[in-house]
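Trainee: Could you walk me through one helix pairing in close detail? I'd like the geometry and the residues behind it, plus how far to trust them.

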Amino acid sequence: MAAGRVLSAADLAFEQLSQIIEPVRATITGLLLAVLTTELPQLRAFTRICSLPLYLLSGVMLPLHAAPPEWRAWLLLNPVLSLVEYSRHCFFAQYPLLPGIGLSYPLAAAALMAALGMAGYRLRRERLVAV
């Protein structure tokens with residue numbers, strides 16, 4: 001039971017899955033950036049510059065339905081936004097779940113980043129261990 005709301009089995013499963021996806025995605029992002037920044041040290045500054053705007057656009061501070069409708073398609077490109085919005089929907093009974101929010105996109109983004117990160121690590125593992 002979350003905030004006086006009884007979740008359906010599907011909502012509970014999706015909420016638990018979204019809580020698992022986010023730490024895995026964050027770890028995979030770290031692995032991918034570790035591989036990329038060893039080859040391109042200039043990328044470290046770019047990563048620092050992009051982190052705060054991506055955090056603010058992830059829906060953590062402001063909900064998606066507060067954004068102008070013409071921005072929503074662009075904001076939905078951030079997979080973290082879908083996880084945050086779906087978590088809010090599962091926690092608050094009246095929270096509106098807008099079209100385009102689901103777990104398939106964050107799962108696909110995490111899988112793609114995992115494949116790229118592990119392939120990059122596999123190719124550069126001797127250099128990464130030496131760093």
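Mentor: Sure, let's take α1 (residues 9-39) and α4 (residues 79-91), whose axes come within 10 Å and cross at roughly 145 degrees. Helices here are DSSP runs of H or I with at least four residues, strands are E runs of at least two, and both are numbered from the N terminus. The axes are lines fitted to C-alpha atoms over the stretch in contact, with angles from 0 to 180 degrees between N-to-C directions. The crossing of α1 and α4 is left-handed, meaning the near helix is turned anticlockwise from the far one by less than a right angle (clockwise would be right-handed). On the α1 side, the contact (heavy atoms within 4.5 Å) involves Asp-11, Phe-14, Glu-15, Ser-18, Gln-19, Ile-21, Glu-22 and Arg-25. α4 brings Val-80, Leu-83, Tyr-86, Ser-87 and Cys-90. Sorted by type, the residues of this contact come out as 6 nonpolar, 3 polar and 4 charged. Nonpolar covers Ala, Val, Leu, Ile, Met, Phe, Trp, Tyr, Cys and Pro, charged covers Asp, Glu, Lys and Arg, and the others, Gly among them, are polar.

Now, trust. This is a predicted model, where local features need pLDDT of at least 70, side-chain atom pairs count only at pLDDT 80 or more, and totals for chains, interfaces and linings use all residues. Residues are numbered from 1 along each chain as its sequence is written, and side-chain values use heavy atoms, leaving out hydrogens and water. The chain averages a pLDDT (the predictor's confidence in each residue, from 0 to 100) of 81, and 92% of the residues score at least 70. Confidence is lowest in α1, at a mean of 81, and highest in α3 (residues 69-75), at 87.
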